[in-house]
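Me: I should like to examine the reasoning behind several statements about this predicted model. Please set each value against its criterion.

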Amino acid sequence: MIVAVLQGSVRRDRMGDRAAKWVVSQLEKRGHEAVLVDAAALELPLLDRMWKELKDDSDPQFAGLREKLQPLASLYERADGFVVVSAEYNHSAPPALTNLIDYFLEEYFYRPSAIVCYSAGPYGGVRAAMQLRALLTEVGMPTIPSLQPIPLIGQALSADGTPLTQSMAEKTGKFFDEFDWYMSALKDARARNDPRRAPAAG
Ligand SMILES: Cc1cc2nc3c(=O)[nH]c(=O)nc-3n(C[C@H](O)[C@H](O)[C@H](O)COP(=O)(O)O)c2cc1C
């Protein structure tokens, strides 16, 4: 499966890339192609025009932005699922994450999403995840039932995403198994009838 891993924390001292690296390694262990979409590396401005408004606009003032968004559009078109890696800022998702998501809409449709949330505290970002779940469903990539929270992230993962605790090392099975099931089920359903494609003539 092809999985887009969305990371939307852009603080210079962020912990989010630990969680994103861990997610990429878990997906790769399962044989998936995991592609990281890092809001910090992309440096997207606060949303003005969405991709669908920009893609056919030849205005040179948007040329740089189109260049950044085109690979994302191509990736999202190919993706079988999305893992959204979210911190918790004031019990909500980080604004750079929702900004990254808001650039697209139809490109997400008919694929599942899965939330990996984290925080410096003991609750692992689950309050942000609850809000994110509503957003992700609205943009057409409904979330799987399980969440993968990572509490005390600085103690749970090293800078390269390696588990530092027994409980982190043991976090694998159910969440990613469930995501695999939903990716596979919706892939089969799209193969039979993909609502994103126009029906064949005749
Ligand atoms: C603006 C802001 C708000 C925060 N609010 C919460 C919060 O509501 N709950 C929580 O558990 N941690 C909160 N934290 C602490 C974060 O869990 C911690 O800083 C975490 O590392 C943030 O992710 P990041 O490093 O990838 O940006 C907040 C941090 C920031 C910067």
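Reply: A residue is near a molecule if one of its heavy atoms lies within 4 Å of it. In this predicted model, 14 residues surround the ligand, and the closest are R11, M15, E88, Y89 and Y118.

Me: What makes the pair formed by E88 and the ligand a polar contact?

Reply: A polar contact requires a pair of N or O atoms within 3.5 Å. A polar side-chain atom of E88 lies 2.7 Å from a nitrogen atom of the ligand, so the criterion is met.

Me: Which backbone atoms approach the ligand, and at what distances?

Reply: A polar backbone atom of M15 is 2.7 Å from an oxygen atom of the ligand. For N90, a backbone N or O atom lies 2.8 Å from a ligand nitrogen atom. Both values fall within 3.5 Å, so these pairs are polar contacts too. The ligand taken alone exposes 600 Å², of which the protein buries 75%.

Me: How is the shell around the ligand divided by residue class?

Reply: The shell comprises five nonpolar, five polar and four charged residues.

Me: Why are helix 5 and helix 6 called roughly parallel?

Reply: Angles under 35 degrees count as roughly parallel. Helix 5 (residues 95–102) and helix 6 (residues 126–138) pack at about 10°, with their axes 11 Å apart; the two helices are therefore roughly parallel to each other.

Me: Which residues make this contact, and how do they divide by class?

Reply: Helix 5 contributes L97, T98 and I101, and helix 6 contributes L132, L135 and L136. Five of these contact residues are nonpolar, one is polar and none is charged.

How values were computed: Residues numbered from 1 in each chain as written. Predicted model: local features only at pLDDT ≥ 70, side-chain atom pairs only at ≥ 80, totals over all residues. Heavy atoms only, no water. Polar contact = N/O pair within 3.5 Å; in protein donor to acceptor, adjacent residues only side chain to side chain. Areas by Shrake-Rupley, 256 points an atom, 1.4 Å probe, with all protein chains shown as cover. Nonpolar A, V, L, I, M, F, W, Y, C, P; charged D, E, K, R; others polar. Axes fitted to C-alpha atoms, helices over the stretch in contact; angles between N-to-C directions. Helix = DSSP H or I, 4+ residues; strand = E, 2+ residues; numbered from the N terminus. Parallel < 35°, antiparallel > 145°, perpendicular 65-115°, else oblique. Contact = heavy atoms within 4.5 Å.
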